[in-house]
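Reader: Could you take me through this structure slowly, and tell me on what grounds each term is used?

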Amino acid sequence: MNRPQDVENRVECDEPSSSASRAKYYSGFYPMHLGLLSVATNLFPVAWWTPISKDPFRFLVAVDRKNHSLKLLREHGEAALHFFSYADRERVVRAGYLSGRKHNKAARLGFDLVPATRLETTQIVNGADAVFEMTVREELQREDGDHAPFVLDVVHVHRRRRPATGQPLLFLGYRDFATLGERTRFRP
Ligand SMILES: Cc1cc2nc3c(=O)[nH]c(=O)nc-3n(C[C@H](O)[C@H](O)[C@H](O)COP(=O)(O)O)c2cc1C
């Protein structure tokens, strides 16, 4: 019988699957800092985002092709990336289990939408530690992969506090979440 660590080791050693050059998906890159993306008046949690340039300031966000927000992002060409603290985890995560196709998530989950500073049709949510207003620069690989990668220019930043100094909401994969425990400063 497999002990848990045997199963873990077997997964670690997974061989490439269908093609000789591509490995099977493995979620061993988590944790990720969980964001909340608003597009127009819809919202959804995003773990698959990353900064890709400081000057000009740019992010990349990967949007599942099944999400209603993909259509909105293509139509509106703008979005706002929010970082809420661990205390807000319930409503931030729940927004990922509802679709804007059927629900007004902001009203249902108690998110207070307010006008953005630079965006025309996208609203931002009150109470986040930091909010990055962005316009779509480019959608990469329109037909390839199950997520559509978008390059976005940051056009305005709202800073309440740095998430790293408080209790950021971290996604561990599956349905698991955490915040920071120990911390250290590296002194080279
Ligand atoms: C913790 C968590 C992280 C997620 N990360 C992403 C992500 O990075 N990209 C994405 O497209 N969807 C992600 N999702 C899924 C969407 O949030 C989910 O499909 C949502 O219901 C889409 O809403 P919409 O149909 O209103 O666009 C995530 C969901 C959860 C719970």
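Author: What follows is a set of questions and answers about a predicted model.

Reader: What makes a residue part of the shell around the ligand, and how many residues surround the ligand?

Author: A residue is counted as near the ligand if its C-beta atom, placed from the backbone, lies within 6 Å of it. There are 21 residues around the ligand, and the closest are Trp48, Ser69, Gly96, Ser99 and Gly100. Strand E3 (42-46), strand E5 (58-64) and helix H2 (68-76) each supply at least two residues of this shell, and the largest share, four residues, comes from E3.

Reader: Which classes of residue does the shell around the ligand have?

Author: The shell has 11 nonpolar, eight polar and two charged residues. Glycine counts as polar here, so Gly96 and Gly100, which are among the closest residues, belong to the polar class.

Reader: Which side chains along E5 are buried, and how do you know that?

Author: Phe59, Val61 and Val63 point to one face and are buried, whereas Arg58, Leu60, Ala62 and Asp64 point to the other face and are not. To be called buried, a residue needs 20 or more other C-beta atoms within 10 Å of its own, so Phe59, Val61 and Val63 reach that count, while Arg58, Leu60, Ala62 and Asp64 do not. In a regular strand the side chains alternate between the two faces of the sheet.

Reader: Why is E5 said to pair with E4 and with E10?

Author: Two strands pair if at least two bridges are found between them. Strand E4 (residues 49-53) and E5 have four bridges, and E5 and strand E10 (residues 147-159) have seven, so both cases meet the requirement. Both pairings are antiparallel. Serine 53 has arginine 58 of E5 as its bridge partner, and aspartate 64 has histidine 147 of E10. E4 and E5 also form a hairpin, with four residues between them.

Reader: What makes a group of residues a nonpolar core, and which have the most contacts inside the largest one?

Author: The members must be buried residues of the listed nonpolar kinds, joined through C-beta atoms within 7 Å. The largest such core has 34 residues, and those with the most contacts inside it are Leu37, Val61, Ala79, Ala80 and Leu81. Strand E6 (78-83) is among the elements that each supply at least two residues of this core, and E6 gives the most, with four residues.

Terms used:
Residues are numbered from 1 along each chain as its sequence is written. This is a predicted model: local features need pLDDT of at least 70, side-chain atom pairs count only at pLDDT 80 or more; totals for chains, interfaces and linings use all residues. A residue is buried if 20 or more other C-beta atoms lie within 10 Å of its own, exposed if 12 or fewer, and partly exposed in between; C-beta atoms are placed from the backbone.
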